[in-house]
Amino acid sequence: MDFWTFFQVLILGAVEGLTEFLPISSTGHQIIVADLLDFDGERAMAFNIIIQLGAILAVVWEFRPKIFDIVKGLPTERNAQRFTINLLIAFLPAVFLGVLFADAIHAYLFNPITVAVALVVGGVVMLWAEQRSHVISVERVDDMRWSDALKIGFVQCLAMIPGTSRSGSTIIGGLLFGLSRKAATEFSFFLAMPTMVGAAVYSGYKYRELFQPNDLPVFALGFVTAFIFAMIAVRGLLKFIANHSYAAFAWYRIGFGLLILATWGFGWVNWTAAAAA
């Protein structure tokens, strides 16, 4: 691995880890940063699958006591059974719509300009959701009904559009549907586990010929980097939401999206992915 590849892998792994669970779109940031670093092609596709697994492992590790309690209580405890059913219900819309539309979305929407527009629109929606009157009907994730889970599952599908943000969609959707900020955030983290693992397994099988033994050092470094930075992001977000709203993330989305659009409109940056689209 040469220095330039090492640098690319380190940056992209850090970007994945830091953005995957924040409501700012990890896919969107990956598309933009990879375009700037000229890290694309089949190798990049396989690399992204690996680093997403590194990020999701961080959440599994962070919530391992809760996961252990749920698995242990599945045979007898009603709360564990209901929580598991709710996760399954919320996961299913992404499965069906992902299989139907993933290839078309990847072909036509995976470019920096689509990402920038989605960042701005999502930021505006996030500000509106935070400023409206928030009536809480579900204080804890264990209190969620199957109908709450299904609505969040459909909202999560909006994240198929790059720049929208999976965590942003599920968290803000949860707030709009009456979940507390803590419940919406925790359910978003738990829903990420089957969603991201399922997407990684599906993509890994579909593009299995892209995984070459020679790329093992690249994949290993990216995996570990994404894991470490995802741990930092998850713990930081949980502390942040205890005393703050998501408005700061909304303003970041709007500012970053407008910056990308400005660099494109004035010709300051040659966004090759946008030109190819």
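Where is serine 165 found? Hi everyone, let's start there. Serine 165 sits in the loop between α7, residues 146-156, and α8. Before I go on, please keep in mind that this is a predicted model.

So, serine 165 first. Is serine 165 buried or exposed? Serine 165 is buried, because its relative accessible area is 3%, and buried here means under 20%. Its backbone deserves a look too: phi of serine 165 is near 90°, a positive value in a residue other than glycine. As general background, most residues other than glycine have a negative phi. The side chain of serine 165 reaches the backbone nitrogen of glycine 168, at 2.8 Å. If we set aside neighbours within four places in sequence, serine 165 is in contact with Leu22, Pro23, Ile24, Ser25, Ala159 and Arg253.

From there we walk straight into α8, which covers residues 166-176. Of its 11 residues, 10 are buried, so α8 is largely enclosed by the rest of the structure. Those buried residues are Arg166, Ser167, Gly168, Ser169, Thr170, Ile171, Ile172, Gly173, Gly174 and Leu175. Which helices do they pack against? They pack against α6, α7 and α9. Just after α8, glycine 178 takes a positive phi of about 100°.

Now α6, one of those packing partners. α6 has 20 residues and spans 29 Å from its first C-alpha to its last, close to the 28 Å expected at 1.5 Å a residue. This helix is mostly covered, with 14 of its 20 residues buried. At its start, a side-chain oxygen of asparagine 111 comes to within 3.2 Å of the backbone nitrogen of isoleucine 113.

α6 and α8 also meet in another part of the story, the second largest pocket: they are the elements that give two or more residues to its lining. That pocket holds about 280 Å³ of space. How many residues line the second largest pocket? There are 15, and Gly122, Val125, Leu158, Thr164 and Ser169 lie nearest its centre. You may recall Ser169 from the buried residues of α8. By character, the lining divides into nine nonpolar residues, five polar and one charged.

Let's move to α10, residues 216-240. It has 25 residues and reaches 36 Å from first C-alpha to last, close to the 36 Å expected at 1.5 Å a residue. Its buried residues are Val218, Phe219, Gly222, Thr225, Ala226, Ala230, Met231, Ala233, Val234 and Leu237. While you look at those numbers, here is a handy reminder: an α-helix has 3.6 residues a turn, so residues three or four places apart point the same way. What covers the buried residues of α10? The cover includes α1, α3, α9 and α11.

On to α11, then, and threonine 263, which lies in that helix. Threonine 263 is buried, with a relative accessible area of 9%. A polar atom of its side chain lies 2.7 Å from the backbone oxygen of isoleucine 260. Not counting residues up to four places away in sequence, threonine 263 touches Trp268, Val269 and Trp271.

Another buried residue for your list is phenylalanine 83, with a relative accessible area of 3%. You will find phenylalanine 83 in helix α5, residues 78-109. Which residues does phenylalanine 83 touch, not counting those up to four places away in sequence? They are Ile70, Val141, Asp142, Phe187 and Phe190. Phenylalanine 83 and arginine 145 are 62 residues apart along the chain, while their C-alpha atoms are separated by 8.9 Å.

Glutamine 212 gives us another pair to look at. Glutamine 212 and alanine 183 are 29 residues apart in sequence and 41 Å apart in space, C-alpha to C-alpha. Glutamine 212 is in the loop between α9 and α10, and it is partly exposed, with a relative accessible area of 39%.

Last stop, aspartate 38, in the loop between α2 and α3. Aspartate 38 has a positive phi of about 60° although it is not a glycine. Is aspartate 38 buried or exposed? Aspartate 38 is exposed, because its relative accessible area is 58%, and exposed means over 50%. Serine 165 has a positive phi too, but serine 165 is buried. Thanks for listening, everyone!

How values were computed:
Residues are numbered from 1 along each chain as its sequence is written. This is a predicted model: local features need pLDDT of at least 70, side-chain atom pairs count only at pLDDT 80 or more; totals for chains, interfaces and linings use all residues. Side-chain values use heavy atoms; hydrogens and water are left out. On a 1 Å grid over the protein atoms alone, a cavity is a set of points where a 1.4 Å probe fits but cannot get out, and a pocket is an open set with protein on both sides within 12 Å along at least five of seven lines; lining residues have an atom within 4 Å of a point. Grid points are joined across faces, edges and corners, and a volume is the space filled by probe spheres set on the points. Helices (H or I, at least four residues) and strands (E, at least two) are DSSP runs, numbered from the N terminus. Ala, Val, Leu, Ile, Met, Phe, Trp, Tyr, Cys and Pro count as nonpolar, Asp, Glu, Lys and Arg as charged, and the others, Gly among them, as polar. Buried means under 20% relative accessible area, exposed over 50%, partly exposed in between (1.4 Å probe, protein chains only). A polar contact is a pair of N or O atoms within 3.5 Å; within protein, one must be able to donate a hydrogen and the other to accept it, and residues adjacent in sequence count only if both atoms are side-chain atoms. Contact means heavy atoms within 4.5 Å. The expected span of a helix is 1.5 Å times one less than its number of residues.
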